[in-house]
Amino acid sequence: MDAVEKANLERQKRWAKERKVGEGTYAVVYQGREVGTGRKVAIKKIKVGAMKDGLDMSAIREVKYLRELEHQNVISLLDVFSSKTNLNLVLEWLETDLEMIIKNHSLVFLPADIKSWIAMTLRGLEFCHRNFILHRDLKPNNLLIAADGQLKIADFGLARDFADPGYKMTCQVITRWYRPPELLFGCRYYSTAVDMWSVGCIFAELMLRTPYLPGESDMDQLKTIFRALGTPTEEEWPGHTKLPDYVPVGQFTKSSMRDLFTAATADCLNLLSKFFIYEPRKRISARDALHHPYFFALPNPTHPSKLPKISTQPSSRTLEEVDGNVDLDSPGPAVKAPAPVPNRLKRKLSSVSSNQDGRETYARRLDFSQ
Amino acid sequence: MSRRLYPLASLEQIQNSPSRQDGIPAELEEDLRAYGCKLIHQAGILLKQKQVAVATAQILFQRFWFVTSMKQFGIGDVGMGALYLASKLEECPLRMRDLINVYDLLLQRAAHSLKPEGKEFKYTPMSYFGNTFYDLKDALVVAEMQLLKRLGFDVHVVLPYGTLVNYMRLLDLTGREDAVSRAWGYLNDALQTPVYASYPVQTIVSAAILLATRHLGIPLPSTPPNCWWDLFDAEWEDVWAVCGYIMRLYRERSLEDRRQVIGMLTKKDVRRWLEENAPS
Ligand SMILES: Nc1ncnc2c1ncn2[C@@H]1O[C@H](COP(=O)(O)OP(=O)(O)O)[C@@H](O)[C@H]1O
């Protein structure tokens, strides 16, 4: 055994796998512990079993990008080791994801909570973009939530470098409901703006508590987008009719955002609409979004540790804390919870019959395979 | 902070590489490294692979030999694995079968060159159901994983071309196309040496500029305290050492030396050589 093998074995011994918790597209995920400290971790074992083409591209991307990124709002890769022919990624353990939180209808979101989640998402994403990395698969279930409430961008299996501008890339990225129109039209030269569209969709979903633009097919996705935001004109988005897969899908007029997002403040709607600017170059960047007045206006974003979370214990939020977060002059919290909120200062609804586990019946996982 | 740093070999690794510890002389190791890189380059051309992927493969290949002995893995297999991995890293993956075919051709051609002069080389394509294909495929998968594992999964590589363009601009040499293209050529040749795994990019680019401007007789301020390489935080000793690595590539090798290198493509060959040349 040479020095490298010994070092690898040492690293391997630092981590203990405990139980299988999930299975992803290219990996099996285990809960484990750091042997020395007892700290909980997630161990992602990359399946190399079938080994048709050696190591999976997604696994390679994940290692490559996560090694480079270290930020409070990006999942941290603690270690990598190999066992025989397997590759194991040790990641920080993250209890839940934003999708589970959105779908758990026993949780009520205050405007300040939404602001906090979106700010954390933008901070993590701004860091990726600053380091020339596109995520290309932002959606609520890739935004994981740590026990202390911090939001972490995860799943870099589709991420890419964009340091080299004008580089042709595949348009088959980003789960459909979060995919921007330029990709649906087959654009091969794109940049950070694709991630920003996804952030807009997540922002809207946090307010609506249901996906904002749920298309049923790629074609229907375009229709869904245009129905909500109006069919783009040549002036709004110069050149879009020349994109490789452009097809006219009908003329729709923009429906009022104000009518849908009834409780949102003017600042909030203004920022939201900037994520949905059709012309990618004009769409707001992560950096500019963080400087938007929305983040400087009241209410202040909720501290991560005070955000709603899935737990068996009743909410421990005190009235004072809630008070500080609610802008009493606003038309009301920007929450459109599916059930009426008996008392908007109360965190937990008393009468939730179903969905205690945060799961709903409709399928959320979208296919990528076409 | 981002961790965008690229790893470099330590002084200890450079002075006493794993192959050296196993008894392979320094010069022979240098030649084997260069030959492995040449094969990567040739495979890249035959596969019409992008230059960034080929260059990345060569750098990963060079790093590998600072942590592994050639007695343990062959330069042919590791080169093939490096090109496969680098192509994935650079988002231009190769088909396994294409890569294996090309390496098979290159290895057959190398073996042929060891035979007595005169006979023309004729490639005999392998059967996909034969052992060669499966052996190469196996070796490829193992090499890919070993590269990742032995490099500590750190596969970040910085290529020198952007830096060269910048430095030429700062030195006011953009107009001298001959100098730019000559320096560019040295940077590419340097990919056959270990320098990208042992010196920072600014040192390597400075060395390429030094060689190019000296060759073309372009004067640049070179007397202390006004030395142009200080502008790029490069140390003279290091720049000079990199020049040495590059110049050694162009040294004439005897036919015997060349044959010896070609005959050491696999770890089996290397082990045989070590037995035959064991110090007694
Ligand atoms: N860091 C983590 N902490 C806790 N659980 C995780 C973590 N990463 C993944 N998981 C669990 O493993 C499952 C599969 O993860 P992953 O391979 O990332 O899924 P996918 O390929 O579907 O995106 C997830 O649904 C989740 O339950």
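What average pLDDT does chain A have, and what share of its residues score at least 70? Chain A averages a pLDDT of 83, and 81% of its residues score at least 70. This is a predicted model, so colour both chains by pLDDT before going further.

**Stop 1: confidence**

Select chain B. Its average pLDDT is 90, and 97% of its residues score at least 70. Now select residues 318-370 of chain A, where pLDDT stays under 50. For this stretch the model has 103 contacts beyond four places in sequence. The scores for the model are ipTM 0.80 and pTM 0.82.

**Stop 2: a helix and what follows it**

Select residues 26-46 of chain B, which form helix α3. The helix has 21 residues, and from its first C-alpha to its last it reaches 31 Å. That is close to the 30 Å expected at 1.5 Å a residue.

Move on to B:K48, just after α3(B). B:K48 is in the loop between α3 and α4 (51-64) of chain B. What is the sign of phi at B:K48? Phi is positive there, about 50°, although B:K48 is not a glycine. Most residues other than glycine have a negative phi.

**Stop 3: where the chains meet**

Show chain A and chain B together, and select the residues of each that touch the other. You should have 28 residues from chain B and 34 residues from chain A. The size of an interface is often given as the accessible area lost when the parts come together. Here the two chains bury about 2700 Å² between them, with 52% of it on carbon and sulfur atoms.

Look next for charged pairs across the contact: between chain B and chain A there are four salt bridges. One of the places to zoom in on is B:D154, which forms a salt bridge with A:R67. In this pair the closest N and O atoms are 3.9 Å apart. Across the interface, eight residue pairs are in polar contact, both residues being at pLDDT 80 or more.

Hide chain A and keep the side of chain B that touches it. Helices α5 (75-89) and α7 (131-150) of chain B each supply at least two residues of this side. Which element gives the largest share? The largest share, eight residues, comes from α7(B). Colour this side of chain B by class, and you will find 12 nonpolar, five polar and 11 charged residues.

**Stop 4: a salt bridge inside chain A**

Over all chains the count comes to 30 salt bridges. Among them, select A:D161 and A:K64, whose side chains meet at 3.5 Å, N to O. A:D161 lies in strand β10 (residues 160-161) of chain A and A:K64 in helix α2 (residues 57-68), so the pair ties together parts that are 97 residues apart in sequence.

**Stop 5: two cis peptide bonds**

Most peptide bonds are trans. Select A:L298 and A:P299, which are joined by a cis peptide bond with omega about -5°. A:P299 is in the loop between α10 (286-290) and α11 (319-325) of chain A.

Finish in chain B, at B:P224 and B:P225. The peptide bond from B:P224 to B:P225 is cis, and its omega is near 5°. B:P225 sits in the loop between β1 (222-223) and β2 (226-227) of chain B.

Definitions and conventions
Residues numbered from 1 in each chain as written. Chains lettered and ligands numbered in written order. Heavy atoms only, no water. pLDDT = per-residue confidence, 0-100. Helix = DSSP H or I, 4+ residues; strand = E, 2+ residues; numbered from the N terminus. Expected span 1.5 Å × (residues − 1). Contact = heavy atoms within 4.5 Å. Buried area = accessible area lost by both parts, 1.4 Å probe. Polar contact = N/O pair within 3.5 Å; in protein donor to acceptor, adjacent residues only side chain to side chain. Nonpolar A, V, L, I, M, F, W, Y, C, P; charged D, E, K, R; others polar.
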